[in-house]
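I opened the notebook to record, entry by entry, what I looked up in this structure. The charged pairs come first, then the metal site and the contact between chains.

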Amino acid sequence: MFYREAGQFKSSYNADQAILPIAQDRVFVIGVLAVAFAGVPWFIDSYWVNAIFLPFLAYALAALGLNLLTGYCGQVSLGTGGFMAVGAFATFKLITAFPELNLIIVVLLSGAVTAAVGVMFGLPSLRIKGFYLAVATLAAQFFLVWLFNKVGWFLNYSPTGQITMPSVEVFGVLVTGPRATPAARYLFCLSFVALFALAAKNIVRGRVGRSWMAIRDMDIAAELIGIRPLAAKLSAFAVSSFYIGMAGSLYFGVWLGSAEPIEAFGIEQSFLVLFMIIIGGLGSVLGSFLGAAFMTLMPIVLKNFMVDGLAVEVVTAKHVEITLMGVLIIFFLIVEPHGLARMWQILKEKLRLWPFPY
Amino acid sequence: MNQEHTGNDVLLEVHNISLSFGGVTAIEDVSFDIRTGEIRAIIGPNGAGKSSMLNVINGFYHPQQGSITYKGETRPQMKPHHAASHGIARTFQNIALFKGMSTLDNIMTGRNTVMTKNIIWQALYFGPALKEEREHREFVEHIIDFLEIQAIRKTPVGRLPYGMQKRVELGRALAAEPDLLLLDEPMAGMNVEEKEDMCRFVLDVNEEFGTTIALIEHDMGVVMDISDRVVVLDYGKKIADGTPDEVRANQDVVDAYLGVSHG
Ligand SMILES: Nc1ncnc2c1ncn2[C@@H]1O[C@H](COP(=O)(O)OP(=O)(O)OP(=O)(O)O)[C@@H](O)[C@H]1O
Ligand SMILES: [Mg+2]
């Protein structure tokens, strides 16, 4: 593969500002999208969709959301699980109260509700930073899950303590519930993820994205050059929560179909998504996807390899998985804080000069 | 923007400013003015209160006493956001760039206060947002050309050598199209060649754009060469104020720099 940035000179700012200034990147992304939209739906079956594609898409959207807040704006959050729960419960309440409402609108509204909740819990960020902020968002995590579990109204007084997504059609095609086809569920989620990944990329390369990164890198200097910390931080919380809320909505509505607050939206979810962006790459849209793919695939690959291949006990395999994850987190935090995305970039830079490294 | 040196219009005036941190007095009853279009140097030994003075001017520090008149409006203290959006930009003694961002993005942040398109347009990256981004990008490219930093446009600033970082920081301040530019030791730690470049940039900014400049600098040669008027602080007090020649001849200044008579 010839992967070269050299020799591609831009003659206008427009071309240089393009979302993917390098032709090979463009081809790559278009190729991935073509396969994702036109190829995968043909062979996807219920194993693939439930075990790999839907978790990947839901987590990718959540990771993207958290990355906007933590990777771009520098505000640590451990509330991801709780915010996903807000999105999920908003979807549940909306779809049961207004069954006629288009599911696309429901998902967007769920994002909006979560954005409002996110801003509320983001308010402390104006005063506290780092570790203390993480603790404050942790409080949000526990409070939200407790609230949904405790207050019957959120569960529509379900005796099992679970919420269940009804079967819903979008433009005449079932996308949720047991009778929806794998391809329909997959394409519904994929469309959201692709669209909002593009929007995220656009936001981070514009004024708002720059003000987030300025706050992340040096908040005092940012304030002195006229960036309002209040607006920057709260907009980051709002947009991030919007994404995470939609992720929660798809996670519950399309993937799981039914959920129990403590189990589905616990603190493990918060950490899982945080690990995704650490491994994938803080401050990178691509990294959010790489991290989500890695964390979704790794357990499956490990399990297949160890349990089926080496005949290791399932419990032992689980332990190996957790240990490996810990090691990887430490590795990335210390050696490569920009994660897989940065490794990919280094590889590109090497290839650019290949075969003559000087 | 003002194209000529009017020489007499006062752009900013500080009156009887006193600032202290707990028991430490950083500035004591200092008054001076900055005229439109001039290069005004602030000099003095270490710890004299020079940086604190700039921080008062752009609202980062709030003085306990005194007032500031900027563009004809008097207030007891400035607010950082107000200062930034009303044409005061600055660089810092310890470079305060956004390390994770490229040179281009750093300078683009300087235009944040004049960019207005909301996040929805930006998410679409279409229509008004695209047009706005392109216009500001064009402006920033002029600054990049002016400062001769085309080659490092896409480099994360954390990887740049010190002298280059100082230059990028000047670029970020210029991007705001300031009326008053505050430079805190823009040439500190530079070699002779880098200093000459920086001097040239400062003079060009002043002449070509008519930007008023207040500058802190320890290199006396530079100060005497490029400034129109000099104010001298020592132990938080103003000890002299005038043209470079007047200041150089002032006995208090000579003593302060030789470290005598701090009784
Ligand atoms: N944020 C602060 N908190 C406490 N004391 C401060 C603070 N900022 C400045 N000071 C004190 O105020 C005095 C003046 O400091 P300032 O930085 O203004 O000096 P300066 O003239 O810029 O010196 P230098 O040439 O070393 O940069 C010093 O005694 C300093 O310790
Ligand atoms: Mg100083």
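Is Asp241(B) buried, partly exposed or exposed? I am working from a predicted model, and in it I read a relative accessibility of 32% for Asp241(B), so this residue counts as partly exposed.

**Entry 1: the partner of Asp241(B)**

I followed the side chain of Asp241(B) to that of Arg40(B), and the two meet in a salt bridge with an N to O distance of 2.8 Å. I then placed both residues in chain B: Asp241(B) sits in strand 10 (residues 237–242) and Arg40(B) in strand 3 (residues 39–43), so the pair ties together parts that are 201 residues apart in sequence. Unlike its partly exposed partner, Arg40(B) has a relative accessibility of 0% and therefore counts as buried. I also noted that both belong to a network of salt bridges, which links Asp33(B), Glu38(B), Arg40(B), Arg229(B), Lys238(B) and Asp241(B).

**Entry 2: two further salt bridges in chain B**

I looked next at Lys71(B) and Asp179(B), whose side chains meet in a salt bridge at 2.5 Å, N to O. Lys71(B) lies in the loop between strand 4 (65–70) and strand 5 (73–75), and Asp179(B) in the loop between helix 6 (162–175) and strand 7 (180–184), so this pair joins parts of chain B that are 108 residues apart in sequence. Both ends are partly exposed, Lys71(B) with a relative accessible area of 42% and Asp179(B) with a relative accessibility of 27%.

I then turned to Glu141(B) and Arg137(B), which form a salt bridge with their closest N and O atoms 2.9 Å apart. These residues are 4 apart in helix 5 (residues 128–146) of chain B, and about one helical turn therefore separates them. I found Glu141(B) buried at 3% relative accessibility and Arg137(B) buried at 4%. For the record, the count of salt bridges over all chains comes to 24.

**Entry 3: the magnesium ion**

Which protein atoms are donors to the magnesium ion (ligand 2)? I found Ser51(B), through OG, and Gln93(B), through OE1, at 1.9 to 2.1 Å from the ion. Ser51(B) belongs to helix 1 (residues 50–57) of chain B, while Gln93(B) is in the loop between strand 6 (88–90) and helix 3 (103–109) of that chain, so the two donors tie together parts that are 42 residues apart in sequence. I noted Gln93(B) as partly exposed, at 33% relative accessibility.

**Entry 4: chain A against chain B**

I looked up the contact between the chains and found that it takes 31 residues from chain A and 37 residues from chain B. Between them the two chains bury about 3100 Å², of which 59% is on carbon and sulfur atoms. Across this interface I recorded 1 salt bridge, formed by Arg210(A) and Glu133(B) with the closest N and O atoms 2.9 Å apart, and 6 residue pairs in polar contact.

Which elements of chain A give two or more residues to the side that touches chain B? They are helix 1 (13–17), helix 7 (182–204), helix 8 (207–217) and helix 9 (219–224), and helix 8 of chain A gives the most, with 9 residues. By class, I entered that side of chain A as 16 nonpolar, 6 polar and 9 charged residues.

Note on methods. Residues numbered from 1 in each chain as written. Chains lettered and ligands numbered in written order. Predicted model: local features only at pLDDT ≥ 70, side-chain atom pairs only at ≥ 80, totals over all residues. Heavy atoms only, no water. Donors = N, O, S within 2.8 Å, 3.2 Å for Na, K, Ca; no water. Buried < 20%, exposed > 50% of the residue type's maximum accessible area, 1.4 Å probe, protein only. Contact = heavy atoms within 4.5 Å. Buried area = accessible area lost by both parts, 1.4 Å probe. Salt bridge = Lys/Arg side-chain N within 4 Å of Asp/Glu carboxyl O. Polar contact = N/O pair within 3.5 Å; in protein donor to acceptor, adjacent residues only side chain to side chain. Nonpolar A, V, L, I, M, F, W, Y, C, P; charged D, E, K, R; others polar.
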